[in-house]
Amino acid sequence: MNVHDSEKVIGTLMAQGYSQVETPETAGLVLYNTCSIRDKAEQKVFSRLQNFKREAGKGKIFGVLGCVAQQEGEKIFDRAPHVSLVAGSASYTRLGEMLVQLESGNRRVTGLSLDTDETFDTPFTRRDNPHRAYITIIEGCDKSCAYCVVPFTRGPERSRTSESVMSEARRLAEQGFTEIQLLGQNVNSYRDPSPARWDFAMLLRRVADVPGIRRVRYTTSHPRDFVRAIVDAMDENEVLCDHVHLPVQSGSSKVLASMDRLYTRDEYMRRIEWIRNARRRYSITTDIIVGFPGETPEDFQATLDLLDEVQYDSLFSFKYSPRPNTAALAMGDKIAEEEKQQRLLILQEKQRAIQIRRNADLIGSVQEVLVEGRHQALGQWIGRTSSNRTLNFTHSETGGGALIGKYLPVRVTRSGPNSLVGESVTVV
Ligand code: SF4
């Protein structure tokens, strides 16, 4: 979402007459977009800002955007006095106005209010990828997972109207984009605020029907709001990619309760059964945190058992680390770093073995890929399957970017834990 926020900020500023340059050195205005999902984000931001300090005397304007801006607020001015603008994502609709204030001589401007029902809904977005486009459909979060800073940094949940999402999807298709990725912190909590009252499953169906769109993905889903109608919609339309990312965080219902995740392991597994029993075959991926305060060896074992049960196609795993402005901060950071590291390694090793098996199952199958690039040294094209796997392949066309953006059938000939290798085939 941060990447896409940057695209929207750039597009909005370009529509106001700014132009983008290649490096901070050549810019008159430097906006530094930040994310605080990882540990020590603030330190990294301040050390990066320090690097910009030398440039500050040359009449440049510096601004900090994103989660660290929201989290640190005006303290940023104290630690990095050359910064003139600090704004969280809930204030991006006011960005143009804030820049006018700076250019008319104001020394410091902030946009830190979370009290908004607006989304950063702009027709001006400078998209980096010519084939895949992101559309934010819902911003913020009304949940309160104990470890997560997002409700504090991105404000309350706000959905865009279905009409505004649909017109953006149609415009993107007309511009030649073929893959759309719907974004939201809890994308499946989407509730159309207009009288049409579409839910997420309806929105998926309608976006998939836009002429010219070949693939639709979405991220990230919250298990509690993952209803059966979503699987039904996916089963009915193959434009909806055969991949579900469903973050579980822990396999222990006790840990899930202390994380305030709003579902039990059994409730989560019911969703997995819907997906596994569906008509199409879906790839399922997840996020897991190890070492949450109070996670016993038995709780951790429950997470390992969950991996055996679900057989994820891939997962993102993290060691718990405390974040400012979160409920878990009061629980302390009880599990020793070495123990967390050990659990992370055990988890990753187990998942690696699962991925090796699951990817090997695909050898001999023909997968449609969207060609994303060329690996000249390996003599391979880089493709992505609907299930979100990287499938590198050979093709008689070997030069330039001739195949990039095309959809091609590829037979899988080899597999590894993280990707597949294959050869282009002609399907008759
Ligand atoms: S659902 Fe939980 S983890 Fe996801 S953004 Fe909201 S608070 Fe954070």
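Which residues of helix H13 are buried? In this predicted model, the buried residues of H13 are Lys-340, Arg-343, Leu-344, Leu-347, Gln-351, Ile-354, Gln-355, Arg-358 and Asn-359, and the close-up views below begin with this helix.

**View 1. Helix H13 and the elements packed against its buried residues.** Helix H13 covers residues 337-360, and its 24 residues should span 34 Å at 1.5 Å a residue, which agrees with the 34 Å between its end C-alpha atoms. An α-helix has 3.6 residues a turn, so residues three or four places apart point the same way. The buried residues of H13, among them Leu-344, Leu-347 and Ile-354, pack against two helices, H11 (265-276) and H12 (297-310), and against strands S11 (283-290), S12 (314-319), S16 (407-415) and S17 (419-424).

**View 2. The open sheet S10-S11-S12, on which helix H13 packs.** Three strands with parallel pairing make up this open sheet, in the order S10-S11-S12. Strands S10 (243-245) and S12 are the edge strands, since each pairs on one side only. Neighbouring strands of the sheet are turned by 10° against each other on average, direction ignored. S11 and S12 pair in the parallel sense over 6 bridges, and Asp-287 stands opposite Phe-316 in S12. Helix H13 packs on the sheet by touching S11 and S12, and the direction of H13 makes about 175° with that of S12.

**View 3. Strand S2 between its pairing partners S1 and S3.** Strand S2 (residues 61-66) is largely enclosed by the rest of the structure, because 6 of its 6 residues are buried, that is, under 20% relative accessible area. Strand S1 (residues 29-34) pairs with S2 in the parallel sense over 6 bridges, while S2 and strand S3 (residues 83-87) pair in the parallel sense over 4 bridges. Phe-62 can be followed through both pairings: Val-30 stands opposite Phe-62 in S2, and Phe-62 in turn stands opposite Val-83 in S3.

**View 4. The surroundings of Glu-7 in helix H1.** Glu-7 is found in helix H1, which covers residues 2-15, and Glu-7 counts as buried because its relative accessibility is 5%, where buried means under 20%. Leaving aside neighbours within four places in sequence, Glu-7 is in contact with Phe-124, Thr-125, Arg-126, Arg-127, Asp-128 and Tyr-134. For Tyr-134, the C-alpha to C-alpha distance from Glu-7 is 9.4 Å, although 127 residues separate the two in sequence.

Technical notes
Residues are numbered from 1 along each chain as its sequence is written. This is a predicted model: local features need pLDDT of at least 70, side-chain atom pairs count only at pLDDT 80 or more; totals for chains, interfaces and linings use all residues. Side-chain values use heavy atoms; hydrogens and water are left out. Buried means under 20% relative accessible area, exposed over 50%, partly exposed in between (1.4 Å probe, protein chains only). Contact means heavy atoms within 4.5 Å. Two strands pair if DSSP finds at least two bridges between them. The expected span of a helix is 1.5 Å times one less than its number of residues. Axes are lines fitted to C-alpha atoms, for helices over the stretch in contact, and angles run from 0 to 180 degrees between N-to-C directions.
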